[in-house]
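Trainee: Could you take me through one part of this structure slowly? I would like to see how helices pack against each other.

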Amino acid sequence: MQESAFLVGQVFNGISVASLFVLAALGLALSFGLMRVINMAHGEMLMLGGYLAYLTISIVPGPLGIIVALPVAFAGAALLGAVLEFTVIHRLSARPLDTLLATWGVSLVLQQAARNLFGAIGVQVVAPSWLNHTVSLSSGPLEGLTLPYTRLFILLVAGLVLGAIALLLNKTRLGLYVRAVNQDRPVAAAMGVNARLVDLLVFSLGTGVAGLAGVILALLGPVTPTVGQSYIVPAFLVVILGGLGSLVGTTIASLMVGLFTALIEIFVDVSVAQVLLLVFVIIFIQFRPQGVITVRSRALEG
Amino acid sequence: MKISAKYYVGAAVLLFGALAPLFVNSYELSLLGRFLALSILAMGIMLIWGEGGILSLGQGVFFGLGGYALALHLKLEGLNIANGDMPDFMVWSGVSSLPYFWYPFANPWFSLAAVVLIPGIVAAAFSWLVFRRRIGGVYFALITQALALAFSTLLISQQAYTGGFNGLTDYSTFDGYDITSNGAAQVIYLITFVIVAAAYFFLRWLLATRWGIMLRATRDGENRVRFLGHNPLPYKVGAFTIAGILAGIGGALFTLHAGVVSPALVGVVPSIEMVVWVALGGRNVLWGAIAGTLLVNFAKDQISSALPSLWLYGLGALFILSVSFLPAGIAGLFKPGSPEERVYRRILNRRKLETAE
């Protein structure tokens, strides 16, 4: 295999990991922009999506199972998200740090529930046969480059979701409300925006998107009770790098984290890559403490 | 002058703690010693979280740095390094010579100093880098969690140098003294007890000084502190450094009691568990941090051995309930005027009314 093909393959890997991060982090970032709270149980929405995919495919076998699983996982995770927002997060949102701890408690309960229901070892989702192909280049400058269909499928889903959410935020009335509450909650509320409802809708939209990411995770490996945990810490770092509630910022930050990890792993092992990623984030915030995209505001306390 | 009841309670607790080796059996004494070591760390969390408003989800890192700093020495004890002797696990992993960073730890005094200095320096450097760009609140909590994750995965992956997943265990002596006997356990317990008391009185004093007032002011209104012409950075970095040092000392003592230090004690989950001890005990009250640590850990010891899955549900519920309904913790129940105390009193009064009727 050629050097350049390996490099391009690694960049491609980075982008496909980044597209998972963006799906996982999007809900966190949007809700953080609105309510200034972080949902530590967000990783369990990925897990829920994975298990829902497993259940759907066992009911609807065949090539279309995975396509049916996507809306099912979205709806299931969005519903659980709405319940969580209504019962825990909204009650505590005046105390962001306490929200963090309470939602961590929720995440422990959900993990244990999954362990009791499905077992600690995890379940395997078999990718449909139409995803079991690879694109291989056997000639030209990138000879030896292979791109699995599953990775391309991830890119496709992430692209569609990002496009849909960009449309929602920029072209619909709900999107207008979201941006308004994001910029100035009291003024938006005074203008008649139901900020409470906007919070609830955005939160459950975000958890729904995380559920979609869970379906994709299920294609890549077994779904275990702690599957969300391995993706959630990078997703938190994406939120920090991305800036408050910005779609573009979150996307750029996901690409940064995904590519950084994929490229650094050429030289060092996975655990050292994790340390270097943290070092990278700490250095980055020395220069841009507000993240990639800064919303200009006169407010002192963000 | 009338001495209020709480001083009698305090004196009784001190007396009980000091005399515990006389009437508590050795297993329970070892548990109590372990949990008291953890409570040193918990007092640090009380300082940064309750008084400084800084939530750290990575105190396990400093706990681990302290624990490993001592454990490196304990592993080298009795080995002839000049001869090329190496700890057992390195021989098994096929390391050819002792890694350079292990050498200084052959000296017990270096190791004891490192227990304090390494967590202190790491905590100071890390918090300065983050706080100087005014990153705080939720962001800081998330970065500390990433720190805990990075630290524990690094320890696990560098198996040949750190003992990997199993950590460092199987110690026998410290500076020539046997540390495994029953008598040694009592001495270690008493040392722990004295350090807990010293940390308690030090923090009590510290929080009453001008510095403590400024720390609370920073928690309540960082920008107002700035407007008044003060720089909040030294208070936040200082508090985080003290908390890191306390965590390191707690880690070293815990290592002595438990006879092991491993990544399972320093990762993401244990680090956040440490916060719930303080949340339950009371984040604004020093004795609350100690009481919460002892309470949660004794409960964990009882429940998790019998019903492990119940313990995780219980821990999750503890997080949700203590934060939602008991924000000032158990200690809040005893604090006149706190919301918890008012609810508690209302229930009591209602009972009285009912009996009166």
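Mentor: We will look at chain B and two of its helix pairs.

This is a predicted model, where local features need pLDDT of at least 70, side-chain atom pairs count only at pLDDT 80 or more, and totals for chains, interfaces and linings use all residues. Residues are numbered from 1 along each chain as its sequence is written, while chains are lettered from A and ligands numbered from 1 in the order in which they are written.

Start with the whole chain. Chain B has 16 helices and four strands. Both are DSSP runs numbered from the N terminus: helices are H or I with at least four residues, strands are E with at least two. The radius of gyration of chain B, taken over C-alpha atoms, is 22 Å. The globule rule (2.2 Å times the number of residues to the power 0.38) gives 21 Å for 357 residues, so chain B is as compact as a globular protein of that length. Its C-alpha trace spans about 80 × 55 × 45 Å along the principal axes.

Now the first pair. Helix H8 of chain B covers residues 182–208, and helix H11 of chain B covers residues 233–258. Their axes lie 10 Å apart, at an angle of about 165°. Axes are lines fitted to C-alpha atoms, for helices over the stretch in contact, and angles run from 0 to 180 degrees between N-to-C directions. H8(B) and H11(B) are therefore roughly antiparallel. The cut-offs are: under 35 degrees roughly parallel, over 145 roughly antiparallel, 65 to 115 roughly perpendicular, the rest oblique.

Which residues meet? H8(B) brings B:Ile188, B:Thr192, B:Ile195 and B:Ala199. H11(B) brings B:Leu246, B:Ile249, B:Leu253, B:Leu256 and B:His257. Contact means that C-beta atoms, placed from the backbone, lie within 7 Å. By class, this contact has seven nonpolar, two polar and no charged residues. Ala, Val, Leu, Ile, Met, Phe, Trp, Tyr, Cys and Pro count as nonpolar; Asp, Glu, Lys and Arg as charged; the others, Gly among them, as polar.

Next, the second pair. Helix H12 (268–281) and helix H14 (308–325) of chain B pack at about 40°, with axes 9 Å apart. H12(B) and H14(B) are therefore oblique to each other. From H12(B) come B:Val276, B:Ala279 and B:Leu280. They meet B:Leu318, B:Phe319, B:Ser322 and B:Val323 in H14(B). That contact has six nonpolar, one polar and no charged residues.

Methods:
Two residues are in contact if their C-beta atoms, placed from the backbone, lie within 7 Å.
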